[in-house]
Amino acid sequence: MPGNNYCPPLTPRSRLERLLRERELRKSSRYIDGNKDAEYNDSFISENDVQNEEEFAETAVADERPRKQRLLVVANRLPVSAVREGVDSYHLEISVGGLVSALLGVKEFDTRWIGWAGVNVPDEVGQRALTKALAEMRCIPVFLDEEIVNEYYNGYCNNILWPLFHYLGLPQEDRLATTRSFQTQFDAYKKANQMFADVVNKHYEDGDVVWCHDYHLMFLPRCLKEYNDKMKVGWFLHTPFPSSEIHRTLPSRSELLRSVLAADLVGFHTYDYARHFVSACTRILGIEGTPEGVEDQGKLTRVAAFPIGIDSERFIRALDLPEVQNRMKELKERFAGRKVMLGVDRLDMIKGIPQKILAFEKFLEENSHWRDKVVLLQIAVPTRTNVPEYQKLTSQVHEIVGRINGRFGTLTAVPIHHLDRSLDFHALCALYAATDVALVTSLRDGMNLVSYEFVACQASKKGVLILSEFAGAAQSLGAGAILVNPWNITEVAASIGYALDMPADEREKRHQFNFKHVTTHTSQEWAATFVSELNDTIVEAQLRTRQVPPLLPNKVAVDCYSKSNNRLIILGFNATLTEPVDGLGSGGQIKELELKVHPDLKEPLKKLSDDPKTTIVVLSGSGRAVLDKNFGEYNMWLAAENGMFLRLTSSEWMTTMPENLNMDWVDSVKHVFEYFTERTPRSHFELRETSIIWNYKYADVEFGRLQAKDLLQHLWTGPISNASLDVVQGGRSVEVRAVGVSKGAAIDRILGEIVHNKGMKEPIDYVLCIGHFLAKDEDVYKFFEPELPSESSPMARAMISNSYRPSSLPRFSASKSGSKASHYKKQRSLSNIEIDRASDRASAWRQTGRDRISLNEGSSVLDLKGDNYFSCAVARKRSSARYLLKTSHDIVSLLSDLADHSSSPST
Ligand SMILES: O=P(O)(O)OC[C@H]1O[C@H](O[C@H]2O[C@H](CO)[C@@H](O)[C@H](O)[C@H]2O)[C@H](O)[C@@H](O)[C@@H]1O
Ligand SMILES: O=c1ccn([C@@H]2O[C@H](COP(=O)(O)OP(=O)(O)O)[C@@H](O)[C@H]2O)c(=O)[nH]1
């Protein structure tokens with residue numbers, strides 16, 4: 001596949017930097033273009049609007065400028081709909097709808113549009129002719145036959161997803177029929193999405209950005225990524241995304257979410273919709289929402305809000321055109337002496353047209369003096385006319401309009417002018433400009449661009465916008481609009497009165513707020529921001545991928561093991577040597593809380609621990625009793641409570657705890673933990689000697705996380721505000737530890753004790769360290785890294801040479817990794833241990849440490865030859881370990897292999 005001309009910019013240092021630079025670039029590219037009108041040359045639509053095929057083609061066949069990024073816009077509907085006129089000729093018309101309007105304003109990119117032309121073309125001749133006609137407009141058709149359109153578009157998209165996403169339940173009488181036809185419609189939906197994907201794949205060039213749009217194409221990101229996982233794929237939803245409680249009623253709920261998550265970037269009009277989506281992923285799929293999006297097994301899908309805008313300049317300029325001026329004059333004359341109210345909607349249930357008309361009726365009912373002084377012009381664009389619900393709505397609206405006009409009309413005038421048709425751009429602009437009050441009463445609406453367009457055309461009249469609080473636009477235009485609940489007819493009627501009587505200065509003020517917003521948040525900005533964010537997301541994902549360690553090469557690890565003579569194996573316990581735990585078992589039952597060694601590991605552990613050349617340490621956050629119970633039978637070292645307690649299974653426990661470790665905070669933290677445990681079903685807490693941990697891994701994930709946030713707030717403001725503690729947040733836990741309690745801080749003391757105890761004569765020449773450790777404990781991996789700076793290198797630290805030590809105390813500092821601050825912090829906690837000699841147990845520990853045997857003078861305890869060190873993080877996405885092990889199955893397999901290469905004491 002040939003690459004396109006787009007040259008990605010140098011990797012920016014920060015997201016903000018990149019966005020700023022791109023904004024500058026955009027500005028300067030406009031400058032280079034010479035004048036603003038030149039921008040239109042690259043768009044799908046000209047300033048004068050495209051009313052016929054020739055004009056459209058002329059504007060669309062723009063030169064390809066090398067600087068522009070290729071953008072494949074994939075939407076169900078092309079910006080033009082085709083009507084067949086002959087065997088190989090078509091009439092092309094601009095499609096009506098917010099999605100098309102917004103994307104027509106996008107000119108920053110070298111754009112191709114892939115979608116359905118709204119016509120069934122079964123024959124090859126017709127398909128070829130239409131493809132050719134559309135190609136001139138940079139449109140690429142997806143041919144859907146009638147059956148697919150019926151099942152996919154009319155059925156699954158518009159009869160199931162559309163009402164669901166707009167919180168409109170299905171009408172009772174249709175519910176069962178829909179339930180029955182659900183599967184076939186969903187199959188057609190998937191099939192149609194694959195057909196879109198096939199066309200994209202055919203036209204895709206390396207470096208293209210593929211931007212999928214709307215609820216029709218939720219399956220598309222997955223199809224595309226399955227074909228080519230390097231594709232940059234974004235998905236944007238133009239409708240609301242409902243609360244997860246609504247989404248979870250959908251039989252295909254999980255499949256759809258997972259498919260969308262295949263995209264790199266997922267966008268919504270508002271934060272609410274984005275939040276609902278993340279919450280659906282968490283509640284339905286059980287995967288984690290992060291501040292950036294949704295993360296599943298290392299793959300981050302960025303989720304964000306990108307409120308759409310309009311090409312406001314186009315509307316503003318149109319008002320000066322003679323054609324528009326003439327129409328405005330006509331309207332003024334036609335409705336002289338009457339205030340004009342306007343509704344412009346597709347004839348769709350979500351637009352609340354009956355509610356709007358009923359509110360207007362109530363207003364006329366209660367305000368007789370307005371009856372001959374106001375008119376409501378309702379443009380109701382026919383849409384989805386093959387869907388029975390839409391047909392019913394048409395009759396319903398006609399009936400209400402007829403009744404009201406009959407009730408309040410006169411021989412010469414009617415209060416409602418209802419048009420079942422669409423208007424062209426100029427007629428629409430004139431109408432917007434001539435309007436006194438625009439009435440948008442959507443029951444739910446992704447954004448609602450009509451409200452933006454009205455505002456853009458009101459620079460001189462400064463009319464009032466009455467806007468449903470359930471339209472996405474309410475969040476952006478709420479400052480200037482009168483917000484209403486469309487279901488509350490009394491409120492809407494009162495707002496109509498308020499709007500009609502509004503004094504000029506208030507209208508002016510309100511208009512200014514909104515005009516500023518509409519003219520600064522344009523469709524160009526919207527698209528540019530989305531694509532820029534998508535590019536950023538890809539760069540960040542690449543950086544993240546580089547941080548992901550490779551999988552452990554088992555064979556190498558086993559070979560090195562068999563060739564070495566003095567090996568050290570450090571193993572975590574929880575999620576390392578236990579059986580896999582995935583929250584609730586089937587039927588919502590809690591799995592056993594008690595941690596147990598994976599049964600398949602018992603034998604390998606036995607063999608390994610019996611090998612005289614191998615020393616095993618289980619280094620765990622768990623308490624002593626848990627380790628005793630699970631590992632008491634083996635010949636190994638147990639390091640409980642993150643290494644604060646140490647024991648060779650044949651000996652007693654020793655402690656490394658500093659005697660003056662302040663544990664006064666425990667009771668008050670415990671109270672907080674008790675409180676949250678009682679209120680968070682299936683959570684529990686564990687009180688250890690040096691820490692206390694609240695665990696919600698069996699609780700409802702999302703609720704657990706909310707509770708964890710609250711819990712932290714309670715802690716920070718209360719019991720721990722003055723204490724010297726570490727609060728460590730795990731995936732599903734909150735742990736409070738005394739400062740200095742960490743696996744990394746403990747490892748050198750453990751190592752010293754082992755060397756001393758074993759009377760080691762030769763250096764450790766192989767280290768394997770496996771754990772599912774918290775980030776805070778990951779410094780244990782770095783401890784053995786030979787290539788670390790010499791002044792703090794663990795090799796140097798582990799140098800057991802009396803001449804090397806200034807004092808008789810072995811100064812095994814904790815860790816060299818991380819910032820200076822963390823270095824000092826750990827130093828401090830260790831020196832606490834070293835300085836305080838009051839405790840017998842602690843001094844017993846130090847005694848063993850001090851008297852540790854040395855190897856040959858000056859020689860190192862560790863001699864890993866660079867490569868004989870295998871640190872492995874288990875089921876982690878990012879880690880400072882050298883390698884990854886994915887599952888407990890991998891651990892079983894590795895330790896079994898090592899066991900097979902071990903020798904028993906007698907051999
Ligand atoms: O293509 P149709 O089935 O005839 O429907 C027309 C479009 O309706 C929806 O528009 C939405 O997008 C607007 C722009 O983002 C937004 O302002 C509005 O609130 C939405 O309803 C639909 O989402 C589009 O896919 C359709 O093309
Ligand atoms: O006769 C009409 C009526 C509406 N529109 C356009 O249709 C879009 C409607 O978008 P909106 O976001 O308000 O709602 P949607 O129809 O997409 O749900 C707006 O851009 C209107 O300018 C149009 O071109 N001709």
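Start by picking Val728: its bridge partner in strand S26 is Glu735. Keep in mind as you click around that this is a predicted model.

**Stop 1: the hairpin**

Now widen the selection to S25, residues 725-729, and S26, residues 733-738. These two strands make a hairpin, with 3 residues between them. Their pairing is antiparallel and runs over 5 bridges. For another rung of this ladder, select Val727, which stands opposite Val736 in S26. If you're colouring side chains by face, remember that in a regular strand they alternate between the two faces of the sheet.

**Stop 2: the other flank of S26**

Stay on S26 and add S24, residues 691-695. S24 and S26 run antiparallel and are joined by 5 bridges. One pair to pick out is Ser691 with its bridge partner Arg737 in S26.

Is S26 enclosed or open to its surroundings? Of its 6 residues, 5 are buried, so the strand is largely enclosed by the rest of the structure.

**Stop 3: the whole sheet**

Add S23, residues 684-687, and you have the full set. It is an open sheet of 4 strands, ordered S23-S24-S26-S25, with antiparallel pairing. Which strands stand at the edges? They are S23 and S25: each has a single partner strand, so one side of each is left without a neighbour in the sheet. Look along the sheet for its twist, which averages 10° from one strand to the next.

**Stop 4: the helix across the sheet**

Next, select residues 666-679, which are helix H25. This helix lies across S23, S24 and S26, and it runs at about 10° to S24.

**Stop 5: a helix pair elsewhere in the chain numbering**

Hide the sheet and bring up H13 (residues 322-334) with H16 (residues 425-434). Two packed helices are described by the angle between their axes and the distance between the axes. For H13 and H16, the angle is about 50° and the axes are 8 Å apart. The two helices are therefore oblique to each other, and their crossing is right-handed.

To see the contact itself, show side chains on both helices. From H13, take Glu323, Val324, Arg327, Met328, Leu331 and Lys332. From H16, take His426, Ala427, Cys429, Ala430, Leu431, Ala433 and Ala434. Colour them by type and you'll get 9 nonpolar, 1 polar and 3 charged residues.

Technical notes. Residues numbered from 1 in each chain as written. Chains lettered and ligands numbered in written order. Predicted model: local features only at pLDDT ≥ 70, side-chain atom pairs only at ≥ 80, totals over all residues. Pairing = 2+ DSSP bridges. Axes fitted to C-alpha atoms, helices over the stretch in contact; angles between N-to-C directions. Contact = placed C-beta atoms within 7 Å. Parallel < 35°, antiparallel > 145°, perpendicular 65-115°, else oblique. Left-handed = near helix turned anticlockwise from the far one by under 90°. Nonpolar A, V, L, I, M, F, W, Y, C, P; charged D, E, K, R; others polar. Buried ≥ 20, exposed ≤ 12 C-beta atoms within 10 Å, placed from the backbone.
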